[in-house]
Protein chains: 2
Amino acid sequence: MKIKNDSLLRRTQEKLSKDTAKNPITVVVESTNQGGFFTKVSIRNHEILSDQPQGFNGQNQGPKPSELVLAALAACQETTYRIYAEDMGINIDSISVELTGTQDLRGFMALNEEVPAGFTNISGKVFILSEASKSDLELLQKRVDRYCPVLDDLKRPVDVSLTVEQLKT
Amino acid sequence: MKIKNDSLLRRTQEKLSKDTAKNPITVVVESTNQGGFFTKVSIRNHEILSDQPQGFNGQNQGPKPSELVLAALAACQETTYRIYAEDMGINIDSISVELTGTQDLRGFMALNEEVPAGFTNISGKVFILSEASKSDLELLQKRVDRYCPVLDDLKRPVDVSLTVEQLKT
């Protein structure tokens, strides 16, 4: 393991320290419901579809919202492993993630006030093809799980404020 | 406002109470990194792409993970509004959501241990085209923000456990 001085992490740290990187940044999405539970979400030049499965009155035209949460976590784990591995001089030949979230629907369906509406828990495995030593990978995992943004969004209470704007015909 | 006895909410509550609905349920995703930050996430018969923007060493082949988190929240708000509005007999002609999340990159980039890696805060507006009364919409919002699963995932600390499995060539 050898720290790289020109890693993306170091270069971004330097820009942030010198105040030459835009910070803080904002992340913006806009969703437009297409009828029923089907929605299209616009994100810069990208579009994400979401829907409910047919068993829950949906048309299954995309993943359901809780699946998108896990997709975000899987992608964010990969990203953070890439960034911190590069910085630590650890070569990763490939990386994949499997996640399982458990939900007790009595929360979402307002049947039991003590049951959370969201995930009871999330567990998963990160598969890393690498010749790195076990101790280097352990240190890498420790850093990733400290600095992975989406993992932090889930493990820490995030301040969310939403307002309703009524439109009339 | 009149409670519907045959709403999706009531029917699902009845199934859950009679133990004829599968519960708890699991949500499963599998991501496979395609090189760099680009990844494909498999979710049942769906696929979500994620990447970093070009300004952050990505190829912008999909939204970044934090954008997927907000997409999940927007879609989940719409879904929960639909379900609880139907149950309350409130007609919603259309619904759309705009969300903005703020991130201080010093967290993700390990420059300041007091700055969170994820969102500092998330704010947003839910636009609802409806002839409902103001008080009915206020009651609806209260129920939605209590039972929206992804909002709950963000506002409440979720138990997440991840392990690393090293593969060798």
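**Two chains and the contacts between them**

Let's start where the chains meet: six salt bridges turn up across the interface of chain B and chain A. Keep in mind that this is a predicted model. One of those bridges pairs the side chains of A:Arg146 and B:Glu113, with N to O at 2.8 Å. Swap the chain letters and you find A:Glu113 in a salt bridge with B:Arg146, where the closest N and O atoms are also 2.8 Å apart. That second pair reaches from A:Glu113, in the loop between H3 and E5 of chain A, over to B:Arg146 in helix H4 (residues 134-147) of chain B. If you count salt bridges over all chains, the whole structure has 18.

Salt bridges are one part of the picture. Polar contacts across the interface of chain B and chain A come to 76 residue pairs, with both residues at pLDDT 80 or more. On the side of chain B that touches chain A, helix H2 (residues 65-88) of chain B supplies the largest share, 20 residues. By residue type, that side of chain B splits into 58 nonpolar, 40 polar and 24 charged.

How much area goes into all this? Interface size is often quoted as the accessible area lost when the parts come together. For chain B and chain A the buried area is about 11,100 Å², and carbon and sulfur atoms give 59% of that. In residue terms, 122 residues of chain B are in contact with 122 residues of chain A. The copies meet through the same surface, because 100% of the interface residues of chain B are also interface residues in chain A.

Now for the symmetry. In general, two copies of a chain are related by a rotation about an axis and a shift along it. Here, a turn of 180° and a shift of 0.0 Å along the axis lay chain B on chain A with an RMSD of 0.0 Å. The two copies are therefore related as by a two-fold rotation axis.

The strands tie the chains together too. Strand E5 (residues 119-129) of chain A runs parallel to strand E6 (residues 159-167) of chain B, and nine bridges join them. To find your place along this pairing, look for A:Gly124 opposite B:Leu162 in E6(B), and for A:Val126 opposite B:Val164. E5(A) also has a partner within its own chain: strand E4 (residues 94-103) of chain A is joined to E5(A) by 10 bridges, this time antiparallel. In that pairing, A:Ser94 stands opposite A:Leu129.

Finally, a few backbone spots to check. As a rule, most residues other than glycine have a negative phi, and most peptide bonds are trans. Where does the model have a cis peptide bond in chain A? One joins A:Asn23 and A:Pro24, with omega about -5°. A:Pro24 belongs to the loop between helix H1 (8-17) and strand E1 (25-33) of chain A. Chain B has a cis bond between B:Asn23 and B:Pro24, again with omega about -5°, and B:Pro24 is in the loop between helix H1 (8-17) and strand E1 (25-33) of chain B.

Then there are the positive phi values. A:Ala110 has phi near 60° and lies in the loop between helix H3 (105-108) and E5 of chain A. B:Asn60, which is not a glycine either, has a positive phi of about 50°; look for B:Asn60 in the loop between strand E3 (46-50) and H2 of chain B.

Terms used
Residues are numbered from 1 along each chain as its sequence is written. Chains are lettered from A and ligands numbered from 1 in the order in which they are written. This is a predicted model: local features need pLDDT of at least 70, side-chain atom pairs count only at pLDDT 80 or more; totals for chains, interfaces and linings use all residues. Side-chain values use heavy atoms; hydrogens and water are left out. Copies are superposed by least squares on the C-alpha atoms of residues with pLDDT of at least 70 in both. Contact means heavy atoms within 4.5 Å. Buried area is the accessible area (1.4 Å probe) that two parts lose on being put together, summed over both. A salt bridge is a side-chain nitrogen of Lys or Arg within 4 Å of a carboxyl oxygen of Asp or Glu. A polar contact is a pair of N or O atoms within 3.5 Å; within protein, one must be able to donate a hydrogen and the other to accept it, and residues adjacent in sequence count only if both atoms are side-chain atoms. Helices (H or I, at least four residues) and strands (E, at least two) are DSSP runs, numbered from the N terminus. Ala, Val, Leu, Ile, Met, Phe, Trp, Tyr, Cys and Pro count as nonpolar, Asp, Glu, Lys and Arg as charged, and the others, Gly among them, as polar. Two strands pair if DSSP finds at least two bridges between them.
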